[in-house]
Amino acid sequence: MKGDPNVLERLRRVAPADVSMPQPVVAEIAYGIQRLPRSKRREALASRFELLKSEIQRALWSDEVSTEFGSIKAALERKGTRIEDFDAAVAAHAASGGAVLVTADLKHMARVPGLDIEDWSRCG
């Protein structure tokens, strides 16, 4: 959503079929836009969001994702290192599909055991 040049360059180098956006990410972005006051910035973000949705396929919430969500949440709770439910849900989408989670939120996502994470904003 920020239009980071490093992220955009990485996106150009991968096949569209290899990239998906989990439904919880769609929900978080929609919420973030809706809570903004009506403005040109809000309109620009809404437009960019529509473009993202038209270009990037969605990773649907399946039973496997739900099972992985429960496992992640329980494991983190036992360790006393909980993360927000939406973060756990995003991690569950990646983990259940054996996918790499691309995020700049390394602080929280690194708590999820065995999750393969990349921060594309830090690479060229």
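This report walks through a few residues and helices of the structure above, which is a predicted model.

**Helix α3**

Let us start with helix α3, which covers residues 40-55. With 16 residues at 1.5 Å a residue, α3 should span 22 Å, and its end C-alpha atoms are 23 Å apart, so the two values agree. Four of its residues, Arg-42, Leu-45, Phe-49 and Leu-52, are buried. Looking down the axis of α3, you will find its buried residues within an arc of 80°, which means they line one face of the helix. That buried set packs against strand β1 (20-22) and helix α2. Turn to the face of α3 that points away from the buried side, and you meet the exposed residues Lys-40, Glu-43, Leu-51, Ser-54 and Glu-55.

Ala-44 also belongs to α3. With a relative accessibility of 45%, Ala-44 counts as partly exposed, because that class lies between the buried limit of under 20% and the exposed limit of over 50%.

**Where α2 meets α5**

Helix α2 (residues 23-34) also packs with α5. Two packed helices are described by the angle between their axes and the distance between the axes. For α2 and α5 the angle is about 145°, and the axes are 8 Å apart. On the α2 side, Gln-23, Pro-24, Val-25, Ala-27 and Glu-28 take part; on the α5 side, their counterparts are Phe-86, Asp-87, Ala-89, Val-90 and His-93. By residue class, this contact divides into six nonpolar, two polar and two charged residues.

His-93 deserves a visit of its own. This histidine sits in helix α5, which runs over residues 85-97. His-93 has a relative accessible area of 8%, so it is buried, the cut-off being under 20%. Its side chain reaches the backbone oxygen of Ala-59 at 3.5 Å. Leaving out residues up to four places away in sequence, His-93 touches Pro-22, Gln-23, Pro-24, Ala-59, Leu-60, Trp-61 and Val-65.

**Thr-103 and Trp-120**

Now to another part of the chain. Thr-103 is found in the loop between β3 (101-102) and α6 (106-109), while Trp-120 lies in the segment after β4 (117-118). The two residues are 17 places apart in sequence, yet their C-alpha atoms are 7.2 Å apart in space.

Thr-103 is buried, with a relative accessible area of 16%, and Trp-120 is buried too, at 9%. A polar atom of the Thr-103 side chain lies 2.9 Å from the backbone nitrogen of Asp-105. Beyond its neighbours up to four places away in sequence, Thr-103 touches Met-109, Ile-117, Glu-118 and Asp-119.

Glu-118 turns up again with the tryptophan: the side chains of Trp-120 and Glu-118 make a polar contact at 2.8 Å. Setting aside residues within four places in sequence, Trp-120 is in contact with Asn-6, Val-7, Arg-10, Leu-11, Val-14 and Val-102.

Ile-117, one of the residues touched by Thr-103, can also be placed relative to helix α3. Ile-117 and Ala-44 are 73 residues apart in sequence, and their C-alpha atoms lie 29 Å apart.

**Accessibility side by side**

Here are the relative accessibilities from the sections above.

| Residue | Relative accessible area | Class |
|---|---|---|
| His-93 | 8% | His-93: buried |
| Trp-120 | 9% | Trp-120: buried |
| Thr-103 | 16% | Thr-103: buried |
| Ala-44 | 45% | Ala-44: partly exposed |

Key:
Residues numbered from 1 in each chain as written. Predicted model: local features only at pLDDT ≥ 70, side-chain atom pairs only at ≥ 80, totals over all residues. Heavy atoms only, no water. Helix = DSSP H or I, 4+ residues; strand = E, 2+ residues; numbered from the N terminus. Buried < 20%, exposed > 50% of the residue type's maximum accessible area, 1.4 Å probe, protein only. Polar contact = N/O pair within 3.5 Å; in protein donor to acceptor, adjacent residues only side chain to side chain. Contact = heavy atoms within 4.5 Å. Axes fitted to C-alpha atoms, helices over the stretch in contact; angles between N-to-C directions. Nonpolar A, V, L, I, M, F, W, Y, C, P; charged D, E, K, R; others polar. Expected span 1.5 Å × (residues − 1). Arc of directions from axis to C-beta.
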